[in-house]
Amino acid sequence: MKRELTRLIAGQICLHACMAGMRMATPLLALKQGYSAMAVGALLALFALTQVFLALPAGRFADRHGLKKPLRISVLVACVGASLSVIWPVFPVMCLSALATGGATGMAVIALQRHVGRMAHNPAELRVAFSWLSIGPAISNFLGPVLAGLLIDFAGPEAAHIHGFQWAFLLMALLPLGTWFWVRLAKELHAPKVLDNAAPRRALDLLAEPMMRRLLGVNWLLSSCWDVHTFVVPVLGHERGYSASVVGTILGAFAIAATFIRVCLPFISRHVKEHQIITGAMVCTALLFGAYPFMPSPWAMGACSVLLGLVLGTVQPMIMSTLHQITPQHRQGEALGLRLMTINASSVLMPMLFGTAGAVAGVGPVFWVVGAAVGLGARAAWRLRSS
């Protein structure tokens, strides 16, 4: 399992890095071409918007066809989508590239997560496998933007020249081919049998299960915390007169801490169960959100950011492990799609809500309200004990 899991993580990194690099490069080019901040915000939203609508169909497709067919389609769509911006680096085409690479990454993630969950034989293996798998996006969120940024600055006749952007888009278009290189030898797992007389499948059937509703609610609360931190910290830093590099360092400290704890999580999760880790994360997040607006200096905010990264970095692997334990095998892809749909819908809508609330009441109350909601949700997290 270890060797195959390593190949799957490498494949995930290649495809996710393609999207991460496009998500960094396309807004920069749009701004250089004179588009407004609102247009750039809409462009960024397209990376998540496709996944909102395709997540459930992609999950059902993975339930029927397994790992390799969804990945072949994802690799093709991502390569073609990024290549369009190489040929026509204009705003409407970049919007198409955002839709294509975002949707392809979402489809691939569902297929990979479903496959890794089915490779595990017990809850302990599930926790360890998803802990390792969660390191992939952290690496690709660093790798994709860094590679794209280097090409934008140095591949053209001058920094930020259109040719530099085209070279960056070309590299992003080639990266998904690495996904197929790593995953092509993976052993396909047979799909579980479904009864011939089974009723038609609907997402509402999954939501009828109390454990699934509880899990999605907890997952939504915790994913909102990532959005709050990413959105509000720059606003808070701007209000206090901090430079862009200081604000970036605070956010970077959060990302590094989240990556570090995920490296440690395979060893931690051998001794602690999923619901215990999730509940502890929610309680600690509520306390940190309550204290964050009172941090008097960049150093204090940076320390709070590190602690928050350590706490929130533990959550996603435990959510994935719990989901696989409470969902029937023949519907695990659909359940993963439902989870991805709710997260991306939140990522599209919540920043607008946070912005409105922050403009009316200030950023402090945004932290406190979300922290209070997460603290109250800890009781639901404690009840996420699968039989």
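Q: Let's start small: in which helix is Leu207 found?
A: Helices are runs assigned by DSSP (H or I, at least four residues), strands are E runs of at least two, and both are numbered from the N terminus. Leu207 is found in helix H8, which covers residues 203-207. Keep in mind that this is a predicted model: local features need pLDDT of at least 70, side-chain atom pairs count only at pLDDT 80 or more, and totals for chains, interfaces and linings use all residues. Residues are numbered from 1 along each chain as its sequence is written, and side-chain values use heavy atoms, with hydrogens and water left out.

Q: How many helices and strands does the protein have?
A: The count is 15 helices and 0 strands.

Q: Back to Leu207: what does its relative accessibility make it?
A: The general idea is a scale: buried means under 20% relative accessible area, exposed means over 50%, and partly exposed is in between (1.4 Å probe, protein chains only). Leu207 has 29% relative accessibility, so it counts as partly exposed.

Q: Which residues is Leu207 in contact with, leaving aside its neighbours within four places in sequence?
A: A contact means heavy atoms within 4.5 Å. By that rule Leu207 is in contact with Arg213, Leu216 and Leu338. Leu338 is 131 residues apart from Leu207 in sequence, yet their C-alpha atoms are 9.3 Å apart in space.

Q: Among contacts between residues at least 6 apart in sequence, what share joins residues at least 24 apart?
A: For this protein, that share is 83%.

Q: What radius of gyration does the protein have, and what would a compact globule have?
A: The radius is taken over C-alpha atoms, and the globule rule is 2.2 Å times the number of residues to the power 0.38. With 387 residues, a compact globule would come out near 21 Å; the protein has 21 Å, so the two agree. Along its principal axes, the C-alpha trace spans about 60 × 50 × 35 Å.

Q: How much of the protein is buried?
A: Buried residues make up 53% of the 387. As for the outside, accessible areas come from the Shrake-Rupley method with a 1.4 Å probe, and for residues only the protein chains shown count as cover. The accessible surface comes to about 17,200 Å², and 71% of that belongs to carbon and sulfur atoms.

Q: Which residues touch the most other members of the largest nonpolar core?
A: A nonpolar core is a set of buried Ala, Val, Leu, Ile, Met, Phe, Trp, Tyr and Cys residues joined through side-chain atoms within 4.5 Å. The largest one here has 103 residues, and Ile278 and Met282 touch the most other members. Not counting residues up to four places away in sequence, the residues that Met282 touches include Val218, Leu221, Val374 and Ala381.

Q: Is Arg262 buried or exposed?
A: Arg262 is buried, with a relative accessible area of 10%. You'll find Arg262 in helix H10 (residues 244-268). Beyond residues up to four places away in sequence, Arg262 touches several others, among them Ser131, Trp226 and Gln316.

Q: What about helix H4: where do Gly102 and Arg114 come in?
A: Gly102 is found in helix H4 (residues 91-119), and Arg114 has its place in helix H4 too. Gly102 is buried, with a relative accessible area of 0%, and Arg114 counts as buried at 3%. Leaving out residues up to four places away in sequence, Gly102 touches Met19, Phe47 and Gln51. Arg114 and Met320 are 206 residues apart in sequence, with their C-alpha atoms 9.4 Å apart.

Q: How far are the C-alpha atoms of Asp63 and Phe289 separated?
A: They are separated by 38 Å, with their positions 226 residues apart along the chain. Asp63 has its place in helix H2 (residues 37-65) and counts as buried at 6% relative accessibility.
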